[in-house]
Amino acid sequence: MSFSLHSWSFGFVFVTLTALAIIGKPCSAAYRPSPWALAHATFYGDGTASETMGGACGYGNLFSNGYGTDTAALSTTLFNNGFACGTCYQIKCVQSKWCYPTVKFTTVTATNLCPPNWSKDSNNGGWCNPPRVHFDMSKPAFMKIAQWKAGIVPVMYRRVPCATRGGLRFKFQGNGYWLLVYVMNVGGGGDIAKMWVKGSKTGWISMSHNWGASYQAFATLRGQSLSFKITSYTTKETIICWNVAPANWNLGLTYSTNVNFH
Ligand SMILES: *[C@@H]1O[C@H](CO)[C@@H](O)[C@H](O)[C@H]1NC(C)=O
């Protein structure tokens, strides 16, 4: 919404990155796909994907926040206590008569948790019970790889870099003493291990993981422009987003940058 990164600081970052590239330090932190592995997939909700909104990652409305309907809820084993929020997967249907044989795969972003249900057997309805590796896809995403009548299909999946457009986005919530930030549109590995906030009058303040893709600082930061430092969970790369929010930032707003992981 508000983009106020000073052009000089962006230019500095850009020149620094370019210089690193020139002296032969490759961008080795770029995320690479994992090997293909076996899992299963079901779907939840209907063709409108309205049930996928407001999931356990905290992205809220997936349409207005850019995630669309190509999303999945992960079983606990994959969800990693929310650290897998934002990760991206190619999923292909295999070994079922319901598969669309000409479709190589579809790509989804993890936006939700598929919780266990211990009153169901893990092999009969309790598909998301640990230690099962399971994708509960949005119905539109599932219908790209298999007929919905299948209910459940075996799949091959692999994690891939998230092909995001544009930079990281930060959605602010909390109150005057508590800043809760949801990080969205994360490229590369798509996941976040650690995050810091810096007010224009403070040093870097460590933020703790709250839930899903949200991080919190117990600090009074009103009236200060805010910068964020973020470390990728998978690649360990750290990037800094300077002056993401202007001094008159507000809770409830989402602030965009043009900095991202790759
Ligand atoms: C778990 O499974 C039982 C048995 O089918 C069902 O009645 C219940 O609603 C399920 N719980 C949840 C949270 O989905």
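Which residue of E6 stands opposite Cys88? Val160 holds that position in E6, where strands (at least two residues) and helices (H or I, at least four) are DSSP runs numbered from the N terminus. This is a predicted model, in which local features need pLDDT of at least 70 and side-chain atom pairs count only at pLDDT 80 or more, whereas totals for chains, interfaces and linings use all residues. Residues are numbered from 1 along each chain as its sequence is written. The protein has three helices and 14 strands.

**Barrel**
- Six strands close into a barrel in the order E1-E5-E2-E4-E3-E6, with mixed pairing, two strands being paired if DSSP finds at least two bridges between them.
- From one strand of the barrel to the next, the twist averages 45°, with axes taken as lines fitted to C-alpha atoms and angles running from 0 to 180 degrees between N-to-C directions.
- Strand E3 (residues 88-93) runs antiparallel to strand E6 (residues 153-160), and six bridges join them.

**Open sheet**
- Eight strands form an open sheet in the order E13-E12-E9-E10-E11-E8-E7-E14, and the pairing is antiparallel.
- The edge strands, each pairing on one side only, are E13 and strand E14 (254-256).
- At the E14 edge, strand E7 (residues 169-175) pairs with E14 in the antiparallel sense over three bridges, and Phe170 has Tyr255 of E14 as its bridge partner.
- At the E13 edge, strand E12 (residues 226-232) pairs with E13 in the antiparallel sense over five bridges, with Thr231 opposite Thr238 in E13.
- E12 and E13 form a hairpin with five residues between them, and Lys236 in the turn has a positive phi of about 70°.
- Six of the eight residues of strand E13 (residues 238-245) are buried, so E13 is largely enclosed by the rest of the structure.

**Core and contacts**
- Of the 262 residues of the protein, 39% count as buried, that is, with 20 or more other C-beta atoms (placed from the backbone) within 10 Å of their own.
- The largest nonpolar core (buried Ala, Val, Leu, Ile, Met, Phe, Trp, Tyr and Cys residues joined through C-beta atoms within 7 Å) has 60 residues, and Val183 and Phe228 are among those with the most contacts inside it.
- Because domain 1 (37-160) and domain 2 (164-256) both give residues to this core, it lies between them; the domain bounds come from an automatic or database domain assignment.
- Leaving aside residues up to four places away in sequence, Val183 touches Leu168, Phe170, Ile192, Ala213, Tyr215 and Ile230, contact being defined by C-beta atoms, placed from the backbone, within 7 Å.
- Of the contacts in the protein with a separation of 6 or more, 72% are between residues 24 or more positions apart.

Notes: A residue is buried if 20 or more other C-beta atoms lie within 10 Å of its own, exposed if 12 or fewer, and partly exposed in between; C-beta atoms are placed from the backbone. Two residues are in contact if their C-beta atoms, placed from the backbone, lie within 7 Å.
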